[in-house]
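Please open the model in your viewer and keep a selection panel at hand. The tour goes from one pocket to the next, with a few residues or elements to pick at each stop.

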Amino acid sequence: MSQAPASPHQSVPSVDRVLNMAGVAALAESHGRQPVTAAVRAAIDESRAAIDAAGIGDAARGEMAEELATALAGLEETALTARIAARVEAAAAPSLKPVFNLTGTVLHTNLGRAPLPAEAIAAMTAAAASVNLEYDLKSGRRGDRDSHLEDLLAELTGAEAATVVNNNAAAVLLTLNTLANRKEVPVSRGELIEIGGAFRIPDIMKRAGAKLVEIGTTNRTHLKDYAEAIGPRTAALMKVHTSNYAVQGFTKSVGGKELSALAREHGLPLIEDLGSGTLVDLTRFGLPHEPTAGETVAAGVDVVTFSGDKLLGGPQAGLIVGRRDLIRRIKKNPMKRALRPGKVSIAALAAVLRLYRDPDRLAARVPTLRLLARGEAEIAAAAERLRSPLAEALGGGAEVSVIACQSQIGSGSQPIERLPSAAIAITPAAKKKGAALNRIAAAFRALPVPVIGRVHDDAFILDCRCLEDEAGFVAQLGGLSQP
Ligand SMILES: *Cc1c(COP(=O)(O)O)cnc(C)c1O
C-alpha cells in the first residue's frame with residue numbers, strides 16, 4: 001500500500017515534471033515553450049480546483065483521497081498530455097474564423113458583411129508586403145494613398161474627385177466636420193436615422209461639431225421647409241437615405257435634384273449619406289432599385305457618402321465622392337489622418353472597383369451580388385441535396401425538411417424587401433423543443449467552420465441562399481454531436 005500524501009494536492013505533478021513528459025516536450029518543440037508552459041500551469045490549476053471541488057480536504061487524507069486525487073488530477077500521462085495539447089491548440093487558433101452564414105441575412109454585420117471577391121483577396125495578400133501606398137514610383141516622391149482609388153471612383157460615379165475612410169460612419173463624421181463645424185445643417189425629421197451600433201444622425205452631427213436643425217415632420221418634408229431653415233449660420237443641406245426603415249402612406253420628401261437647386265441658389269453644398277449605396281442599377285440582378293452613387297452625383301448632390309461593405313460587396317470602407325473643391329477640403333481635415341484606411345483595405349477596394357468597370361460579369365465575380373441574385377429554384381435544389389446528409393448526421397433525433405423561406409439583404413439595405421429562398425428546417429423530435437433547439441444550434445456553431453442559422457417556430461432554420469461550398473458543408477457534418 002502506498003503512503004497517503006500529506007495533502008491531496010501533492011498528487012498533482014509539478015510543472016517541470018509535466019514539461020519533461022515526452023508528449024509535452026514535443027508540444028513545446030512545435031508551439032514554443034511559453035504557450036506550452038502556460039497550458040501546463042492551467043491544466044495543473046484545473047486539477048487542483050477539481051480536487052478542491054470534490055471536497056478532499058486535509059481531514060480526508062488517506063488511501064481514498066489519494067486514489068480520488070490521482071484520478072482527478074488526470075495523472076495518466078496520455079490523458080494529461082491530450083488535455084494540454086487541446087489547450088495549446090485552442091490558444092493558438094485564431095478567434096476570427098470563417099463561418100457558414102445561413103441566417104438568411106446576406107449582409108450580416110455580425111458576420112462580417114460582404115464576403116470578398118477572389119480578386120480582392122489576391123490583392124490584399126499582395127498588399128500585405130511593402131507597397132507604394134504613398135509613394136509615386138515615377139518621381140520617387142511622396143504620393144497620395146487616395147491615388148489608388150480616386151480615378152476609379154470618379155469613373156464609376158461621374159464625380160470630380162473622391163477620397164476614402166475607414167467606414168461610412170467615418171465618412172459622414174468627416175464630411176460634416178469639414179463642411180459644417182460650428183454651423184447649422186438642416187435635415188428632414190423623416191431622415192433622422194439610427195442604424196445598428198449606435199450610429200444616429202443627431203449624435204454624429206454633434207460629434208462632428210455641427211448643429212442639427214430639424215425640419216419638416218416625420219412623414220412629410222417640403223422644399224419650403226429647407227428654404228425657411230436656411231439662415232446666416234447654415235453651412236450645408238443634408239439628405240440621409242432612410243436605408244433601414246420605410247415611411248409609407250401620406251409622405252413627401254424632397255429629391256436630390258430639387259434640393260440641389262435650392263442649395264445652389266444659396267451657395268450651400270448639398271451632402272447626401274446614401275448608406276448602402278451602389279455603383280450599378282440593381283434591377284439588372286432582379287433586385288429592387290437602390291439609388292446609385294452616380295445617379296446621386298448626377299442629381300447635383302455635391303458630396304455623396306456610402307459604405308464599401310454593404311451592397312458594393314467590398315471591404316469595410318467609407319467612400320466620399322463629389323465636387324473637387326469640397327473633397328480637397330475634406331482631405332485636408334486633420335481628422336482624415338485619424339480615419340484613413342490601411343493598405344490592405346485600399347488594395348481590396350481598388351480590386352472590387354475594377355470589377356465594376358465590367359458590369360456584365362459582376363454577378364459572377366462579386367459574391368454579394370451573386371448571392372443576392374440567386375434564384376429560388378437553384379437554392380431549393382441545393383437544400384434538397386443537403387437534406388439527406390443532414391438527416392443522416394443528425395441520426396433520427398430530428399426531422400429534416402426543405403421549406404420555402406425569405407432572405408433579406410441586411411445591413412439596413414431595403415428593409416422591407418424579401419428575397420424568396422429555400423431553407424432546411426430541423427425540427428427536434430424531443431418534447432421540450434426549446435432546449436433541444438438550443439443544443440442543435442450550439443452543435444452547428446461548434447463545427448470547425450461554424451454554421452450559423454436561426455431558430456424560428458420550433459425549428460432550426462438554415463437558409464441555403466449563401467451556401468456555395470456544399471462539399472465543405474457536408475464534409476464536416478460527421479463532427480456534429482447528436483442533439
Ligand atoms: C450603414 C449606414 C451607415 C454607416 O455605414 P458603415 O459603413 O457601417 O459605417 C451610415 N448611414 C446610413 C444611412 C447607413 O445605412
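Helices and strands here are DSSP runs, numbered from the N terminus, with at least four residues for a helix and at least two for a strand. The model is predicted, and the stops below should be read with that in mind.

Begin with the largest pocket, where the space amounts to about 800 Å³. Select Lys 97, Pro 98, Val 99, Leu 111 and Pro 115, which are the closest to the centre of this pocket among the 25 residues that line it. Next, colour strand E1 (100-101) and helix H17 (367-373), each of which supplies at least two residues of the lining of the largest pocket; H17 gives the most, with 3 residues. If you then colour the lining of the largest pocket by residue class, you will find 16 nonpolar, 4 polar and 5 charged residues.

Move on to the second largest pocket, which has a volume of about 680 Å³. Here the residues to select are Thr 109, Arg 113, Asp 309, Lys 310 and Gln 316, the closest to the centre of the second largest pocket out of the 32 residues that line it. Three elements can be shown next, namely helix H6 (118-127), helix H8 (168-180) and strand E8 (270-275), each supplying at least two residues of the lining of the second largest pocket.

Which element gives the most to the lining of the second largest pocket? Select H8, which contributes 3 residues and gives the most. Finally, colouring the lining of the second largest pocket by class shows 13 nonpolar, 15 polar and 4 charged residues.

Technical notes. Residues are numbered from 1 along each chain as its sequence is written. This is a predicted model: local features need pLDDT of at least 70, side-chain atom pairs count only at pLDDT 80 or more; totals for chains, interfaces and linings use all residues. Side-chain values use heavy atoms; hydrogens and water are left out. On a 1 Å grid over the protein atoms alone, a cavity is a set of points where a 1.4 Å probe fits but cannot get out, and a pocket is an open set with protein on both sides within 12 Å along at least five of seven lines; lining residues have an atom within 4 Å of a point. Grid points are joined across faces, edges and corners, and a volume is the space filled by probe spheres set on the points. Ala, Val, Leu, Ile, Met, Phe, Trp, Tyr, Cys and Pro count as nonpolar, Asp, Glu, Lys and Arg as charged, and the others, Gly among them, as polar.
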